[in-house]
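Here is a short set of questions and answers on one protein chain. Look at the sequence and the structure first, then read on.

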Amino acid sequence: MDGSDTPADDVGDPSATLLAVVEAALEPLGSDWVERAAAVLPDLRAAVEARATAAAELLDGHGVEAVARVPKSRLADLQRCERSARARYLHPDDRGPGRAALRGVALDRFVLLAAQGSPLSAPTAELLSVLDAQGEEGLCDQVIEAVAEDLAVFDDLVDPTEAWRDLPDEWWPRLQSAATASLAGGRIVCSGRLDAELGGPLVGRPGVVVEVKSGAPRQAHVEEVALYALLVGWRDGVPPALVVRWYPFHGAAVAPVDAGSLSSAAARLGDAVETWAQLLVGRTPSESPGPWCRWCPDAPTCPSAAPVQVSVGAPTSAGGPAELPEDDEVEWEPPDDGVGS
Ligand code: SF4
C-alpha cells in the first residue's frame with residue numbers, strides 16, 4: 001500500500017461557498033505564481049515523453065500495437081495493486097456503479113444543475129432528466145432501482161450543492177471538461193475528465209480545477225487533482241493556480257499548484273506509463289493487498305487477498321476480499337474516463 005488511500009484531513013469550512021474558498025486561497029499568491037509554476041512544464045513534458053517513448057518501444061518489441069491508455073482511473077488502480085489493475089483491464093466491470101458510486105454520479109449532476117442555476121426541488125426527477133439528456137440510459141435505470149430501494153438515497157446530497165450557486169460569469173464555470181496528454185506520437189494516452197474548472201487564460205483569471213467527491217477525504221484525491229493540474233498545464237500552456245477537492249459533508253480542501261506538486265504528478269504518471277507497458281507485455285504483476293481487494297476481479301484466486309472485515313480493523317476470515325465503509329467504495333468510472341484519444 002502506498003498510502004494513497006489514507007485519509008486526508010485538510011478540508012475547510014463545510015458552510016463556505018466555493019467562490020469564497022477560492023478567493024481566500026488566491027489572495028496570498030503573488031502575481032507571478034502561475035508563471036513560476038508554468039516554467040517547469042516543458043521539462044516535465046520532456047521527461048514524461050522520454051519515458052512514454054521507451055514504453056512504446058517496449059510495446060513494439062513485443063508486438064503490442066494498440067494505443068496504451070493510462071486514464072486517471074488506471075493510474076489510481078496501478079498505485080493500489082498492479083495485479084488488480086491488470087485484472088480490472090482484462091475483465092472490465094460492466095455492471096455500472098454500486099450504490100456509493102451512484103451517489104457520486106448523482107452528486108456530479110446536482111453540482112451541474114446548481115452551477116447552472118437550476119432548481120433542485122425534485123432532485124430525483126432532475127437527476128433523471130439530466131442523465132437522460134446526456135444519453136446515460138443505463139445510469140437512469142440504476143437510479144430508478146436505487147430510489148425504489150431507498151426513496152431518499154440522494155436527498156442529503158442536494159443541500160450542500162448550494163455552495164455552487166451564483167458562480168459569477170466572469171469566472172466562466174464549466175463542468176466535465178477533458179484534459180488529455182497524447183505521448184510518444186499518440187501511442188500512450190493519459191486522460192482525465194475534470195469535474196469543474198473556473199477561470200483560466202481565456203478569461204484572464206487564475207485557473208482553478210475542482211474535483212467533486214461524495215466520500216471522505218483521501219490522500220489519493222490529492223494525487224488525482226495534482227495529475228489534473230499537470231494535464232491542464234500541458235493542455236493550456238499554464239497550470240491552474242489552485243486545485244480544490246470539494247466534499248459535500250466536509251467542505252473544500254484547496255491547494256496552490258506549484259513546481260513541486262506538478263513534478264510529483266509527472267513522476268507518478270511516468271511511473272504508471274512504464275509499469276503499464278511492462279504489464280501489457282507480460283511482466284508478472286506485484287500483489288499489494290488492501291481494502292481494494294473487495295472489488296478485485298482476481299480476489300477469488302489471489303493468494304495475497306486481504307481478509308474479509310465486517311467492520312474497520314476487525315478481520316474475521318482469511319482468503320477473501322476486505323470491506324470498507326461504503327463511502328470508500330472504489331469509484332466507478334466510465335470506460336477510459338469517457339475521454340477519447
Ligand atoms: S486480491 Fe488484493 S492483492 Fe490480490 S490482486 Fe486483487 S487487489 Fe491485489
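Q: How many residues of the shell around the ligand are nonpolar, polar and charged?
A: The model is predicted, so local features need pLDDT of at least 70 and side-chain atom pairs count only at pLDDT 80 or more, while totals for chains, interfaces and linings use all residues. Residues are numbered from 1 along each chain as its sequence is written. Ala, Val, Leu, Ile, Met, Phe, Trp, Tyr, Cys and Pro count as nonpolar, Asp, Glu, Lys and Arg as charged, and the others, Gly among them, as polar. On that basis the shell divides into 9 nonpolar, 3 polar and 3 charged residues.

Q: Which residues are the closest to the ligand?
A: A residue is near a molecule if its C-beta atom, placed from the backbone, lies within 6 Å of it. The ligand is surrounded by 15 residues. The closest are Cys81, Ser84, Cys293, Cys296 and Cys302.

Q: Where does the ligand lie with respect to the domains, and why?
A: The domain bounds come from an automatic or database domain assignment. Both domains give residues to the shell, so the ligand lies between domain 1 (18–89 + 169–286) and domain 2 (291–326).

Q: What percentage of the residues in the chain is buried?
A: A residue is buried if 20 or more other C-beta atoms lie within 10 Å of its own, exposed if 12 or fewer, and partly exposed in between, with C-beta atoms placed from the backbone. The chain has 341 residues, and the buried ones make up 43%.

Q: Why are the buried residues of helix H1 on the same side?
A: Helices (H or I, at least four residues) and strands (E, at least two) are DSSP runs, numbered from the N terminus. In H1 (residues 18–26), the buried residues are Leu18, Val21, Val22 and Ala25. They share a side of H1 because the arc they cover around the axis, taken from the directions from the helix axis to the C-beta atoms, is only 95°.

Q: Which strands do the buried residues of H1 pack against?
A: Two residues are in contact if their C-beta atoms, placed from the backbone, lie within 7 Å. The buried residues of H1 pack against S3 (188–200), S4 (205–212), S5 (242–247) and S6 (251–256).

Q: Which helix gives the most residues to the largest nonpolar core?
A: A nonpolar core is a set of buried Ala, Val, Leu, Ile, Met, Phe, Trp, Tyr and Cys residues joined through C-beta atoms within 7 Å. The largest has 87 residues, and among those touching the most other members are Tyr228 and Leu269. With 11 residues, the element that gives the most to this core is H6.

Q: Is Ala184 buried or exposed?
A: Ala184 is in the loop between S2 and S3. Its phi is positive, about 50°, although it is not a glycine. Because it has 22 C-beta neighbours inside 10 Å, Ala184 counts as buried.

Q: What is the phi of Trp172, and where is its place?
A: Trp172 has 15 C-beta neighbours inside 10 Å, so it counts as partly exposed. Trp172 is not a glycine, yet its phi is positive, at about 45°. Its place is in the loop between helix H8 (137–149) and strand S2 (174–183).

Q: How far apart in space are Leu120 and Phe110?
A: Leu120 is in the loop between helix H6 (99–115) and helix H7 (123–133). Leu120 touches Phe110, which is 10 residues away in sequence. From C-alpha to C-alpha, the two are apart by 7.6 Å.

Notes. Lists of a residue's contacts leave out its neighbours within four places in sequence.
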